[in-house]
Amino acid sequence: MHADEATEFMEAEKAEDRFKRRCAVLISIFAMLLAITSLGGQNAAKEATMNNIMAANYFSFYQAKNIRQTDLNIAANEFELAWASNPALSDDAKAALAAKAAEYRRTAARYESEPDTGEGKKELMAKAREHEAVRDRAMQQDPYFDYAEALLQIAIVLISVAIVAEIGQLAWLGGLLGLVGGILMLNGYFLLIAIPGFG
């Protein structure tokens, strides 16, 4: 082997080592992004489920308050009808029925808004809407994490194959897919842009 050939061989080996090191670093970066993406996707799914349950609970509580309010108003109407349509009732009985009807109407009116307890219909509806908004945001985030996860996994595989097969184009393709996956991951966290077909 001549000195020129040895130098060329050593240069080729250095270039190959440099290629492998760069690929290894890229795989490490994409693996880290994959872990972060997976965590974001899991959190978005949990957030969507939890807030969907919370919204349903508040809507159910609202509905129960509404039914109770309707029942109280019906009962108050019946008391008022009873004292108005029965002239044989004593004044004490009429007063008791009127007092009970008024009490039911006050309770029914209180159910509309109870800022001190936060359990009025107005407050319950607001809480339900808040949980719906959080759920909807989490549901928008989830597809970005799903696609980012898939692209990062494919990128890692392509770059790994590029090292073994010594095909630079596969590394470039893997790098490009990993970059797109990283962008989708960031968009999943921050929802910076709305991409048609996602969420």
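A nonpolar core here means a set of buried Ala, Val, Leu, Ile, Met, Phe, Trp, Tyr and Cys residues joined through side-chain atoms within 4.5 Å. With that in hand, here's a quick tour of this predicted model. The largest such core has 18 residues, and helices α1, α3 and α4 each give two or more residues to that core. The largest pocket, about 230 Å³ in volume, has two or more lining residues from each of α1 and α4.

**The nonpolar core**

- Within the core of 18, the residues that touch the most other members are F30, L33, L152, I156, I159, L184 and M185.
- Three elements supply two or more residues each: α1 (3–85), α3 (121–165) and α4 (168–190).
- Among the contributors, α3 puts in the most, with nine residues.
- Want a residue to click on? Try M185: setting aside neighbours within four places in sequence, M185 is in contact with L33, I36, T37, F145 and A148.

**What the UniProt entry says, next to the model**

- The unreviewed UniProt entry lists residues 24–45, 144–165 and 171–195 under "transmembrane region".
- In the model, residues 24–45 are 100% helix and 0% strand, and the C-alpha atoms at the two ends sit 31 Å apart.
- Residues 171–195 come out at 80% helix and 0% strand, with 27 Å between the end C-alpha atoms.
- The unreviewed entry also lists residues 94–141 as a "coiled-coil region".
- That 94–141 span is 79% helix and 0% strand in the model, and its end C-alpha atoms lie 61 Å apart.

**The largest pocket**

- The pocket's volume is about 230 Å³.
- Its lining is made up of F19, R22, C23, L26, G168, A171, W172, G175 and L176.
- Helices α1 and α4 are the elements that give two or more residues to this lining, and α4 has the largest share with five.
- By type, the lining residues split into six nonpolar, two polar and one charged.

**Backbone oddities**

- Most residues other than glycine have a negative phi.
- E166 isn't a glycine, yet has a positive phi of about 55 degrees.
- You'll find E166 in the loop between α3 and α4.
- E166 counts as partly exposed because its relative accessibility is 48%, and the partly exposed class runs between the 20% and 50% cut-offs.
- L191 is another non-glycine residue with a positive phi, about 45 degrees in this case.
- L191 belongs to the segment after α4.

**Two residues to compare by eye**

- R106 is in helix α2 (residues 91–110).
- With a relative accessible area of 55%, R106 is exposed, since the exposed class starts over 50%.
- The C-alpha atoms of R106 and M32 are separated by 60 Å, and the two residues are 74 apart along the chain.
- M50 is in helix α1.
- M50 has a relative accessible area of 44%, so it is partly exposed.
- M50 and V134 are 84 residues apart along the chain, while their C-alpha atoms are separated by 9.6 Å.

Notes. Residues are numbered from 1 along each chain as its sequence is written. This is a predicted model: local features need pLDDT of at least 70, side-chain atom pairs count only at pLDDT 80 or more; totals for chains, interfaces and linings use all residues. Side-chain values use heavy atoms; hydrogens and water are left out. Buried means under 20% relative accessible area, exposed over 50%, partly exposed in between (1.4 Å probe, protein chains only). Helices (H or I, at least four residues) and strands (E, at least two) are DSSP runs, numbered from the N terminus. Contact means heavy atoms within 4.5 Å. UniProt positions are given in the numbering used here, feature names are shortened, and annotations may be inferred rather than shown by experiment. On a 1 Å grid over the protein atoms alone, a cavity is a set of points where a 1.4 Å probe fits but cannot get out, and a pocket is an open set with protein on both sides within 12 Å along at least five of seven lines; lining residues have an atom within 4 Å of a point. Grid points are joined across faces, edges and corners, and a volume is the space filled by probe spheres set on the points. Ala, Val, Leu, Ile, Met, Phe, Trp, Tyr, Cys and Pro count as nonpolar, Asp, Glu, Lys and Arg as charged, and the others, Gly among them, as polar.
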